[in-house]
There are 4 protein chains.
Amino acid sequence: MSGIWGNNIKVSIFGESHGHGVGIVIDGLPGGIKLDMDYIKYEMDRRKPGKSKLTTSRKEADEVKILSGYFNGKTTGTPLCAFIENTNTRSRDYSKTKDLMRPGHADYTGYMKYNQSNDYRGGGHFSGRLTAPLVFAGSIAKQILEKNNILIGSHISSIYTQVDETFDYVNCNEELVKNLRLEEFPLIDKSKADSMKDIILRAKEEGNSVGGIVETIILNVETGIGSPFFSSIESRISSMMFSIPAIKGIEFGEGFNMAKMKGNESNDEYCIKDGEIRTYTNNNGGILGGISNGMPIVFKCAIKPTPSISMEQRTINIESKEETSLSIEGRHDPCIVPRAIPVIEAGVALTLLDMIIEKKGLEWIN
Amino acid sequence: MSGIWGNNIKVSIFGESHGHGVGIVIDGLPGGIKLDMDYIKYEMDRRKPGKSKLTTSRKEADEVKILSGYFNGKTTGTPLCAFIENTNTRSRDYSKTKDLMRPGHADYTGYMKYNQSNDYRGGGHFSGRLTAPLVFAGSIAKQILEKNNILIGSHISSIYTQVDETFDYVNCNEELVKNLRLEEFPLIDKSKADSMKDIILRAKEEGNSVGGIVETIILNVETGIGSPFFSSIESRISSMMFSIPAIKGIEFGEGFNMAKMKGNESNDEYCIKDGEIRTYTNNNGGILGGISNGMPIVFKCAIKPTPSISMEQRTINIESKEETSLSIEGRHDPCIVPRAIPVIEAGVALTLLDMIIEKKGLEWIN
Amino acid sequence: MSGIWGNNIKVSIFGESHGHGVGIVIDGLPGGIKLDMDYIKYEMDRRKPGKSKLTTSRKEADEVKILSGYFNGKTTGTPLCAFIENTNTRSRDYSKTKDLMRPGHADYTGYMKYNQSNDYRGGGHFSGRLTAPLVFAGSIAKQILEKNNILIGSHISSIYTQVDETFDYVNCNEELVKNLRLEEFPLIDKSKADSMKDIILRAKEEGNSVGGIVETIILNVETGIGSPFFSSIESRISSMMFSIPAIKGIEFGEGFNMAKMKGNESNDEYCIKDGEIRTYTNNNGGILGGISNGMPIVFKCAIKPTPSISMEQRTINIESKEETSLSIEGRHDPCIVPRAIPVIEAGVALTLLDMIIEKKGLEWIN
Amino acid sequence: MSGIWGNNIKVSIFGESHGHGVGIVIDGLPGGIKLDMDYIKYEMDRRKPGKSKLTTSRKEADEVKILSGYFNGKTTGTPLCAFIENTNTRSRDYSKTKDLMRPGHADYTGYMKYNQSNDYRGGGHFSGRLTAPLVFAGSIAKQILEKNNILIGSHISSIYTQVDETFDYVNCNEELVKNLRLEEFPLIDKSKADSMKDIILRAKEEGNSVGGIVETIILNVETGIGSPFFSSIESRISSMMFSIPAIKGIEFGEGFNMAKMKGNESNDEYCIKDGEIRTYTNNNGGILGGISNGMPIVFKCAIKPTPSISMEQRTINIESKEETSLSIEGRHDPCIVPRAIPVIEAGVALTLLDMIIEKKGLEWIN
């Protein structure tokens with residue numbers, strides 16, 4: 001059941017890195033939504049590989065072909081299928097090493113889970129390329145949310161040991177959030193850019209890679225979205241975030257820092273501000289009892305270093321069951337963090353839209 | 001949809017802290033499973049309040065009455081409903097302050113979400129008391145897993161600033177894991193116990209509370225459980241963990257540390273050990289591509305300080321919409337971490353069982 | 001997964017005929033709904049056994065105790081659990097014959113499905129008694145629908161070979177529909193009552209039973225509820241109806257008659273009536289492409305004769321695997337049709353409410 | 001949520017009659033299944049239009065292109081997407097009449113449900129053409145079932161007033177069931193073929209259409225598949241059958257006939273036959289308490305006459321809201337019954353496979 005998600009808006013993703021392509025079916029959108037195709041293309045381009053020295057040199061146009069559910073410039077209300085053809089595949093790169101399980105990748109677990117029949121070329125279905133259709137779907141969700149003044153923004157919170165500032169969890173500036181989307185390398189403190197890029201390029205030169213952290217904020221979510229327990233905002237968002245390859249940790253608000261606090265430090269005391277109920281601090285990241293409290297929703301995702309590195313690594317040959325070593329050739333991102341941002345935002349946009357519809361119905365969209 | 005969870009084993013929780021009681025319906029268990037009632041009682045007692053100075057003084061027997069699905073000492077295979085009566089409720093404690101939104105609690109979000117009609121007594125449905133039925137269900141799942149040699153163990157990784165050692169992610173000792181369950185205050189380095197307990201008692205004296213971290217390990221899960229994307233092990237476990245009140249962060253394996261690593265440090269290289277495919281390190285916490293790789297599954301949960309503190313806090317009156325302050329009276333845990341452990345284990349046991357059945361079917365159980 | 005149903009309003013049923021009782025958890029109701037307890041009691045009484053010579057002599061008060069989710073006369077918005085204790089159980093009746101598989105019952109299939117561990121007393125979880133909690137939940141759904149002018153009514157379309165008239169599918173009278181609910185033996189042509197009751201009593205005297213058909217109509221459902229394919233109104237309603245023990249067939253509108261029609265007879269031509277788009281006929285039962293078209297929704301359910309009869313029947317002993325015979329003693333309905341009506345209406349009310357919320361959100365309710 | 005179905009094997013259908021094409025994503029198949037492409041093509045051809053005078057003259061190759069999830073002749077275990085391009089579309093036929101709501105079709109309900117934005121060309125997403133991908137998925141399920149000796153067969157039970165014999169519900173011949181699949185016009189009593197075909201051709205000449213009934217039987221399902229209540233075999237199969245356009249009624253075993261029976265006639269008494277527990281009769285169609293009892297599973301589906309007829313019909317213009325009339329031009333089936341058979345079988349194969357996996361797990365397949 002890997003590929004189906006959602007309660008009200010349901011998506012079903014499919015595809016492989018080096019097969020025909022990757023795609024998605026989105027079910028549950030109401031009819032009559034005009035899609036801003038430039039907006040979608042912009043988001044797709046944010047994720048697209050091959051744009052700069054910081055990313056893989058695999059160039060993919062990532063052109064989305066809508067196969068169904070879209071007619072005369074509007075959604076029909078019936079399932080919308082979008083397909084992105086793979087155009088720049090070099091499958092030879094992979095066949096040579098098909099029996100060598102790449103450390104940090106899903107080669108071995110996919111092999112075992114799927115009875116030795118997984119498509120091993122470039123990670124197959126496990127490839128980060130599967131996030132392209134998710135960005136497509138998320139960019140529809142984001143448009144819908146923005147029309148309702150709900151804004152999602154993210155910045156690179158850290159690359160390796162270099163850390164950016166954090167969002168202001170209480171009074172986050174709307175313009176800042178809007179503008180982050182326009183940056184290729186979004187930071188709050190832009191003076192950190194050179195240092196971070198250096199780290200990435202140095203890793204690339206070493207045939208190595210680096211990890212990092214993305215921080216995301218959502219503004220203007222009304223109070224009362226979400227549920228306690230199994231459908232808490234945290235449950236829903238984390239479940240989606242861990243669907244994104246390479247994410248290994250998530251925290252909401254002050255998250256792991258709260259474990260080192262006392263109650264009088266961690267509790268967000270209430271106040272009235274401009275006639276609205278607000279909190280002085282926002283350690284809980286806008287969520288109490290799994291439900292939005294009207295404050296910005298904030299969370300951080302930890303992203304591991306790209307597992308594809310050209311440095312020699314010890315591994316095993318899955319056929320011969322012998323120890324051996326490999327150097328991964330091919331084209332890889334030395335750091336996946338910048339390209340992960342539109343994916344994170346797409347995922348959280350879908351999740352939030354799904355939860356809002358639960359309360360407000362499909363008729364809320366329009 | 002707060003209260004229903006699961007794909008193969010489905011549970012539905014209900015109840016309030018100061019109503020008739022709390023309960024759970026478990027649907028999908030096969031018929032004919034003998035339940036070890038002592039095992040269940042032991043797990044219930046681990047979570048039970050009122051056991052020591054470290055916990056709330058509210059005493060609850062937490063006796064489980066099975067209302068259906070259990071006949072002649074065995075599950076019938078049809079829905080099993082268990083109910084735990086509330087016996088020690090002091091609802092007066094709460095009515096006085098019903099309009100004062102307790103910081104860090106779900107009073108305000110529940111009020112808004114549920115059209116001002118939530119049961120406000122002691123947190124109502126948002127109370128940690130709702131985890132009692134989850135422990136009941138989880139202790140059935142845990143029994144089933146243990147019969148198949150799958151072991152789950154947890155320790156207190158930190159209380160406030162005091163840190164315990166970490167599990168050995170590669171060669172974790174089975175006896176250690178088994179024995180942790182027998183400890184009231186489970187630690188790897190037991191010499192840390194006094195210091196941690198001191199911190200908790202000092203917070204109690206101050207009318208304050210502290211947070212902490214729990215680390216959990218699962219041994220002997222076969223390779224190939226889980227799925228990529230939306231049903232990844234990380235997605236499923238995190239979704240369940242964030243159902244537990246007070247958890248605000250989760251990381252798998254090295255988690256947030258991986259964000260500070262390079263690829264050659266974070267990748268887990270493969271080796272053959274005793275004829276089995278294993279990895280030298282286990283930074284990925286036993287999960288690659290959302291699927292188990294045969295190594296121990298490890299994760300950490302950040303738990304915020306109990307929001308109920310008796311120190312005076314600023315808040316608002318929800319009826320008058322005015323700023324005011326409150327001191328929370330009543331009986332509260334100065335630190336919820338030790339009592340959260342059996343809940344975390346229950347949640348992860350249910351999750352894992354659900355994922356194993358997906359692959360192996362209900363007939364695997366027996 | 002027998003006991004969990006629904007997309008927006010989810011219910012989870014549990015219990016056994018001769019255990020502690022039967023119950024239901026309803027998840028997804030918004031907070032703040034005042035429940036009309038007299039209305040609920042009236043519906044429960046419609047289904048209740050022991051009211052007349054036409055039904056089983058087992059007397060059950062069927063008093064519903066609400067265990068959670070209900071506070072100060074209103075729903076809290078969190079899961080509502082209702083429990084109905086079994087008070088009048090004669091389990092001895094069943095233990096004697098526990099190894100004799102009753103023809104037409106689920107004794108044998110339950111035994112095989114649940115590893116010989118099903119509760120065999122009075123059909124256990126398979127008992128029609130499990131429909132009592134469904135009537136409880138449905139009577140909440142029905143109240144909500146009625147506040148929005150959506151009316152559900154049913155009559156006994158046939159008992160054995162005696163047939164009532166049919167609803168006017170095009171211009172059904174609202175008063176007629178409302179009044180049917182007030183009848184213990186609801187008919188359109190009341191002159192058929194004596195003949196039908198005679199049939200039932202004669203069957204009872206013979207130690208036999210009879211089947212029949214129930215026809216149900218729903219008025220004032222707006223156009224555009226439902227979906228094509230897997231969530232069609234027919235799919236959703238039929239799925240619920242076949243959850244009711246003893247129903248073996250369903251048809252919408254002219255149903256099986258349509259198979260004997262030509263296209264020009266079966267098509268419902270459109271007209272404008274009082275400014276609204278309507279159809280001259282309503283052979284499709286108010287549903288086209290799985291979606292409501294504004295005409296009354298009508299369907300018929302075929303109900304088999306109660307399988308419990310006291311006439312001697314051939315069967316097998318499940319332990320000895322030998323052929324034998326049995327006469328079922330105990331208290332049974334000679335005809336389940338009248339008592340099935342409130343269950344059918346409860347089921348369809350829940351289904352319809354669930355589909356309306358999909359479009360209009362939880363905020364529609366109030 | 002119209003397009004997503006399933007618990008263990010999930011499918012997601014998409015597409016329109018006159019758009020790019022129609023397709024399906026199948027999620028949950030295990031890796032390593034060899035697909036018999038000839039088998040699939042044979043099933044697709046059974047449903048394909050344009051084969052004879054009895055069907056629409058629209059010719060479609062219905063060639064399936066597998067876009068993902070299939071590698072080296074075997075399933076990969078990750079989502080399998082199949083796409084069928086539309087090649088023979090004459091959309092002009094439809095644009096002329098786009099505002100004229102065709103009686104018996106979903107034009108009007110689709111228009112209302114989807115905010116006037118549905119694709120109206122040839123019924124758009126509501127077209128019977130959407131069943132092509134379902135046949136593709138079902139033919140995979142059928143292959144898997146056949147390898148486990150589970151056989152599904154159907155015949156035309158009636159066309160208009162001409163009736164075929166019925167299956168022998170107790171001792172149905174396996175060869176008969178296997179051979180039905182090889183017939184273009186499957187009947188038990190082949191002497192009825194000419195009369196039925198005459199009826200269809202006469203309707204065609206009149207510019208009219210006719211309905212009919214399909215009877216389906218499933219052999220060799222083990223005892224204990226299915227569940228009581230919401231996941232009963234009847235609930236699951238009926239839900240799927242009513243997803244197929246034009247089906248308006250379903251009955252299991254003797255179905256509506258049982259409503260005219262007495263208990264001693266309808267109950268299926270048990271016997272031992274060849275050492276197995278069987279029943280003398282099979283009025284319940286192989287299902288008791290929602291669970292298979294080892295006897296053949298039998299059900300009948302009522303199919304309404306094709307709503308597309310060229311005879312003049314009264315309707316309304318949806319834009320002007322005025323009464324008018326139309327004659328539907330274009331190419332249509334005078335009777336959809338023969339082409340519905342492979343769709344019914346595909347749907348029931350998927351449903352049954354899904355229920356078997358619930359019990360036996362994915363590892364059962366292979």
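1. A residue is called buried here if 20 or more other C-beta atoms lie within 10 Å of its own. The model under review is a predicted one. By this criterion Phe126(A) is buried, because 27 other C-beta atoms are found within 10 Å. The residue sits in the loop that separates helix H3 (107-113) from helix H4 (131-147) of chain A. Leaving aside residues up to four places away in sequence, Phe126(A) touches Ala106(A), Gly110(A) and Pro245(A), and also Pro228(B) and Gly289(B).

2. Phe126(A) is one of the positions to which UniProt, in an unreviewed entry, assigns the feature "binding site". The others in chain A are His125(A), Ser127(A), Gly289(A), Lys304(A), Pro305(A), Thr306(A), Pro307(A), Ser308(A) and Arg331(A). These positions span 207 residues in sequence, and the farthest two C-alpha atoms are 44.3 Å apart, so they do not all gather at one spot.

3. Ser308(A), also in that record, lies in the loop between strand S16 (297-303) and strand S17 (313-317) of chain A. Ser308(A) is buried as well, with 25 C-beta neighbours inside 10 Å. Its contacts, not counting residues up to four places away in sequence, are Arg102(A), Ile328(A) and His332(A).

4. The interface of chains A and B deserves attention. In chain B, 87 residues are in contact with 86 residues of chain A. The chain B side of this interface comprises 38 nonpolar, 37 polar and 12 charged residues. Strand S11 (residues 247-252) of chain A pairs with strand S11 (residues 247-252) of chain B in the antiparallel sense, over 3 bridges. Within this pairing, Gly249(A) has Glu251(B) as its bridge partner.

5. Chains B and C are related by symmetry. Chain C superposes on chain B after a rotation of 180 degrees with 0.0 Å of shift along the axis, at an RMSD of 0.0 Å. This is the relation of a two-fold axis. In chain C, the C-alpha nearest that axis belongs to Ser12(C), at 3.6 Å. Both copies use the same surface, since 100% of the contact residues of chain C recur in chain B.

6. Two elements of strand structure may be checked in the model. In chain D, an open sheet of 5 strands runs in the order S1-S2-S3-S7-S4 with antiparallel pairing; its edge strands are S1 (4-5) and S4 (64-68), each paired on one side only. S1(D) joins S2 (residues 10-15) over 2 bridges, and Ile4(D) stands opposite Ser12(D). In chain B, S17(B) and S18(B) form a hairpin with 4 residues between them, and Lys321(B) in the turn has a positive phi of about 55 degrees.

Conventions:
Residues numbered from 1 in each chain as written. Chains lettered and ligands numbered in written order. Predicted model: local features only at pLDDT ≥ 70, side-chain atom pairs only at ≥ 80, totals over all residues. Pairing = 2+ DSSP bridges. Contact = placed C-beta atoms within 7 Å. Nonpolar A, V, L, I, M, F, W, Y, C, P; charged D, E, K, R; others polar. Least-squares fit on C-alpha atoms with pLDDT ≥ 70 in both. UniProt positions renumbered as here; feature names shortened; annotations may be inferred. Buried ≥ 20, exposed ≤ 12 C-beta atoms within 10 Å, placed from the backbone.
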